[in-house]
Amino acid sequence: MPLVVFLFLIFIRTRGISQMFLLLGDQILYWRMALGSWRELPIGGGPSSVGGTTIGPVFCWVMWAIRHAVGPWTQNLPHAGGIGLSIVQSAADGFLLAAIWKRFDSLALALAVTLFIATAPFDMALSASIWNPPLAVALVKITIALALLSKSGGSIWWSAGATASALLAVQAHSSAVFFAAPVIASFTARELLARRWGPALQVAAASAAVILVLEVPFLLHLAMRPDEGASPPVVVKSVSYTLAHPQLLRLADAARALTDACRYILLRPWTFSWLGTLLMICAAVTAYRTRSDVTLAGVTVVSLICTIAGFAFWQFDFQHYWFLTIAPSAALTIALALTAWRPAAPFVAVLLAAIVLWTLPSRIADAMTLNRLPEYAALVRGSREILRQAPQVRSIDAEFALPPSTDTGFLYEVLGGRVTADAPVTATIGRTGQGIVKPAPSDTGTGRPR
């Protein structure tokens with residue numbers, strides 16, 4: 001069943017990707033890095049939307065690996081990045097399904113939770129593009145799976161693996177810190193609460209060692225380039241201002257932002273005005289259900305609480321995609337609450353799975369309307385035709401409107417062409433993808449190309 005779900009999710013995530021891949025400035029930036037040598041990849045953090053950098057380069061390195069694994073099948077065109085990220089996401093979903101199935105002995109519950117998370121239209125659409133939040137979500141799912149499979153007093157490798165994936169999730173997108181921190185701490189706390197002092201020390205030491213090893217590249221980068229600040233100035237300014245004015249702490253706003261984001265991420269194309277109330281009730285029920293399992297509480301209720309507490313220090317507008325990494329925890333929290341009463345749990349799990357399966361067509365169709373660039377196919381066809389006529393052009397224009405950050409010459413360069421200022425011809429891509437090449441205009445009176 002995990003294999004079937006894995007293949008199904010790859011199919012729906014990548015459907016039409018070669019025709020409508022989202023090619024914006026961010027995608028071009030990251031794919032240029034992936035096309036380069038590994039020696040040119042950063043060892044520090046990647047760029048952050050709130051300034052500074054992330055705390056590690058995992059996204060850039062994963063994209064470079066995807067380019068080598070998937071790129072040869074697509075002429076190294078950038079939609080290979082979306083295919084690769086979709087494969088990573090789908091593999092994480094398959095692992096999560098297996099972990100939930102094994103932990104709660106319910107295939108229906110595993111299917112309901114996994115498919116509910118994986119077929120969220122916003123998440124599916126982003127997974128088919130080159131963007132770091134989907135990789136962070138995949139690593140969060142892997143962390144949840146490892147946490148569910150770990151046992152108190154069991155092998156230390158489960159907690160070490162979960163610590164590694166949680167930290168890499170933070171490297172991929174900083175918002176995952178509100179999930180990673182409580183989960184990593186829960187492994188040591190679990191042993192302390194059980195009064196196993198020796199194992200608690202071992203788990204704490206292993207977690208610290210994993211964190212140190214994974215952060216070595218980032219620390220080396222800071223040491224070699226101390227003038228390049230890594231801390232996001234917008235975040236630092238917001239937190240500092242809130243600490244200086246504690247009356248401005250935005251707990252209610254952060255809780256409302258979490259609810260709005262979960263509604264947008266998990267429930268599209270429908271809405272549910274009472275989701276905030278439902279989520280609060282489910283969090284209370286799940287907190288009671290997980291009262292004797294600090295790790296399970298860590299990947300569900302505690303992560304939600306930490307997210308609200310963390311974002312309460314933010315003094316600007318909230319963005320939905322910042323909460324992508326907490327959406328799996330919210331979904332699992334709701335599922336555990338709804339199946340908390342054991343006599344009815346099997347029936348409720350089957351009902352939840354049936355509802356999720358029934359909504360799949362609408363959710364998949366909605367995902368096809370988000371974060372797509374229908375002109376991508378025309379750009380690819382036109383770039384190929386231009387390359388067949390001229391290995392070098394001065395410029396490439398398009399007869400159709402494109403987003404401002406989309407470089408019309410990028411695909412031509414990926415395919416092997418060159419855009420140079422002294423080329424003798426210019427090119428245009430027609431509305432249906434035809435490539436039109438014509439002589440470049442010359443400077444008046446000189447006879448030389450402008």
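In this predicted model, the axes of helix α9 (residues 156–172) and helix α10 approach within 9 Å and cross at roughly 165°. Because angles over 145 degrees count as roughly antiparallel, α9 is described as roughly antiparallel to α10. The crossing of α9 past α10 is left-handed. On the α9 side, the contact is built from S159, A162, T163, A166 and V170, while α10 contributes V177, A180, I184 and F187. Sorted by character, the residues of this contact comprise seven nonpolar and two polar ones, with no charged residue.

A closer look at α10 itself brings V183 into view. This residue lies in α10, which spans residues 177–193. V183 has a relative accessible area of 0% and is therefore buried, the cut-off for that label being under 20%. Leaving aside residues up to four places away in sequence, V183 touches T143, G298, V299 and S303. As for R291, 108 residues separate it from V183 in sequence, and the two C-alpha atoms are 15 Å apart in space.

The picture can be extended to helix α15 (residues 294–298), where T295 is found. With a relative accessibility of 2%, T295 also counts as buried. Its side chain is joined to that of R190 by a polar contact of 3.3 Å. When residues up to four places away in sequence are not counted, the neighbours touched by T295 are A147, S150, S186, F187 and R190. Among them, F187 is a familiar name: this residue of α10 also takes part in the contact with α9.

Key. Residues numbered from 1 in each chain as written. Predicted model: local features only at pLDDT ≥ 70, side-chain atom pairs only at ≥ 80, totals over all residues. Heavy atoms only, no water. Helix = DSSP H or I, 4+ residues; strand = E, 2+ residues; numbered from the N terminus. Buried < 20%, exposed > 50% of the residue type's maximum accessible area, 1.4 Å probe, protein only. Contact = heavy atoms within 4.5 Å. Axes fitted to C-alpha atoms, helices over the stretch in contact; angles between N-to-C directions. Parallel < 35°, antiparallel > 145°, perpendicular 65-115°, else oblique. Left-handed = near helix turned anticlockwise from the far one by under 90°. Nonpolar A, V, L, I, M, F, W, Y, C, P; charged D, E, K, R; others polar. Polar contact = N/O pair within 3.5 Å; in protein donor to acceptor, adjacent residues only side chain to side chain.
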